[in-house]
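Me: I'd like to go through this model with you and hear the reason behind each label. Could you set every value against its rule as we go?

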Amino acid sequence: MSESSNTNLEQAKQEGKYIRTIRSFVKREGRLTKGQAAAIEKCWPIMGLEHKNGMLDLSEVFGNNNDVVLEIGFGMGKSLVEMAKNAPHLNFIGIEVHRPGVGACLMDADEAGITNLRIFEHDAVEVLADCIADESLTTLQLFFPDPWHKKRHHKRRIVQGEFVEKLRSQLKMGGVFHMATDWENYAEHMLEVMQAAPGFKNQSATNDYVPRPDLRPLTKFEQRGHRLGHGVWDLMFERTK
């Protein structure tokens, strides 16, 4: 949220007006394990990023000018850590609102000796609005977001036209917005939104979904889904203008 928007929201609250803000997630306060808590204490000064510090200078954050991959909602962080480990020539930023996931990700990253990963514990929409400069990302990843499967909750889905239009400017020309979901209805929703979004080209040869690329690790959750016959849909859209 921009400073002016935040000011307007605070002013409205002071005037007694009820402002409804729709979020794409529910904050669940899980309990940290001792390992997760220790990892946050040890690693946050090096790997942690603060929304309150505003716009990032990515070359300063990472100490190099390598391409940057940003993932929204990394869960417990296992696949994000694996990607960072497998691609030391890339820089990775992960955003997650749930502290146990942040702790688990930092613990795994520390054990793997990874230096090309940084973490936000904050709302991704606000991070993108306030901390990520235009044309600074090579890839933006959104894997298995909350599907909000009930129809009355579809407005909470993060993939919406307005959100996609804003993130387009933060991708470099030719940069990719990569989504994955195991809910077919959400996959159809994502496809519909992206096909209507200006300035994007579908990388699918059939103009719908792409096979899972090798760069996206196969999670245990996904492997279990395959055994049970559940589908997973990947969408990759490239910025063209």
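Reply: Happily, and a rule comes first: a contact means heavy atoms within 4.5 Å. This is a predicted model, so local features need pLDDT of at least 70 and side-chain atom pairs count only at pLDDT 80 or more, while totals for chains, interfaces and linings use all residues. Residues are numbered from 1 along each chain as its sequence is written, and side-chain values use heavy atoms, with hydrogens and water left out.

Me: Thanks! What makes up the protein chain in terms of helices and strands?

Reply: The protein chain has nine helices and eight strands. These are DSSP runs numbered from the N terminus, with H or I over at least four residues for a helix and E over at least two for a strand. Among contacts with a separation of 6 or more, 78% join residues 24 or more positions apart. Buried residues make up 46% of the 241 residues; buried means under 20% relative accessible area, exposed over 50%, and partly exposed in between, with a 1.4 Å probe and protein chains only.

Me: What makes α6 mostly covered?

Reply: Six of its eight residues are buried. They are Ala 124, Glu 126, Val 127, Leu 128, Asp 130 and Cys 131. The cover over these residues includes β2 (68-72), β3 (91-95), β4 (117-120), β5 and α7. At the start of α6, a side-chain oxygen of Asp 123 comes within 3.1 Å of the backbone nitrogen of Val 125.

Me: Why is the pairing of Lys 42 and Asp 110 called a salt bridge?

Reply: The rule asks for a side-chain nitrogen of Lys or Arg within 4 Å of a carboxyl oxygen of Asp or Glu. For Lys 42 and Asp 110 the N to O distance is 2.9 Å, so the pair qualifies. Lys 42 sits in helix α2 (residues 34-47) and Asp 110 in helix α5 (residues 99-112), 68 residues apart, so this pair links distant parts of the chain. At 54% relative accessible area, Lys 42 is exposed, whereas Asp 110, at 33%, is partly exposed. The whole structure holds nine salt bridges.

Me: How do you know that Glu 135 and Arg 239 meet in a salt bridge?

Reply: Their N to O distance is 3.7 Å, and the limit is 4 Å, so this pair counts too. Glu 135 lies in the loop between α6 (124-131) and β5 (137-143), and Arg 239 in strand β8 (residues 233-239), so the bridge ties together parts that are 104 residues apart in sequence. Arg 239 is buried at 9% relative accessibility, while Glu 135 is partly exposed at 46%. Glu 135 also has a positive phi of about 55 degrees although it is not a glycine.

Me: Why are Glu 165 and Arg 168 said to be about one helical turn apart?

Reply: Because they are three residues apart in helix α7 (residues 161-168). They form a salt bridge as well, with the closest N and O atoms 2.8 Å apart. Arg 168 is buried at 14%, and Glu 165 is partly exposed at 35%.

Me: How do you know that Asp 130 has no salt bridge?

Reply: The nearest side chain of opposite charge, Lys 166, is 9.3 Å away, so the 4 Å limit is not met. For charge, Lys and Arg count as positive and Asp and Glu as negative, with His and the chain ends not counted. Asp 130, in helix α6, does make a side-chain polar contact with His 51 at 2.8 Å. That term covers N or O atom pairs within 3.5 Å; within protein, one must be able to donate a hydrogen and the other to accept it, and residues adjacent in sequence count only if both atoms are side-chain atoms.

Me: What makes the charged end of Arg 216 sit over the ring of Phe 143?

Reply: A charge sits over a ring if NZ of Lys or CZ of Arg is within 6 Å of the ring centre and within 35 degrees of the ring normal. Arg 216 is 5.7 Å from the centre of the Phe 143 ring, so the distance part of the rule is met. Arg 157 likewise lies over the face of Tyr 186, at 4.6 Å from the ring centre. Arg 216 has further partners: with Glu 222 and Asp 234 it is linked in a network of salt bridges.

Me: Why is Phe 144 called partly exposed?

Reply: Its relative accessibility is 23%, which falls between the 20% and 50% limits, so the label fits. Phe 144 is in the loop between β5 and α7, and its phi is near 55 degrees, a positive value in a residue other than glycine.
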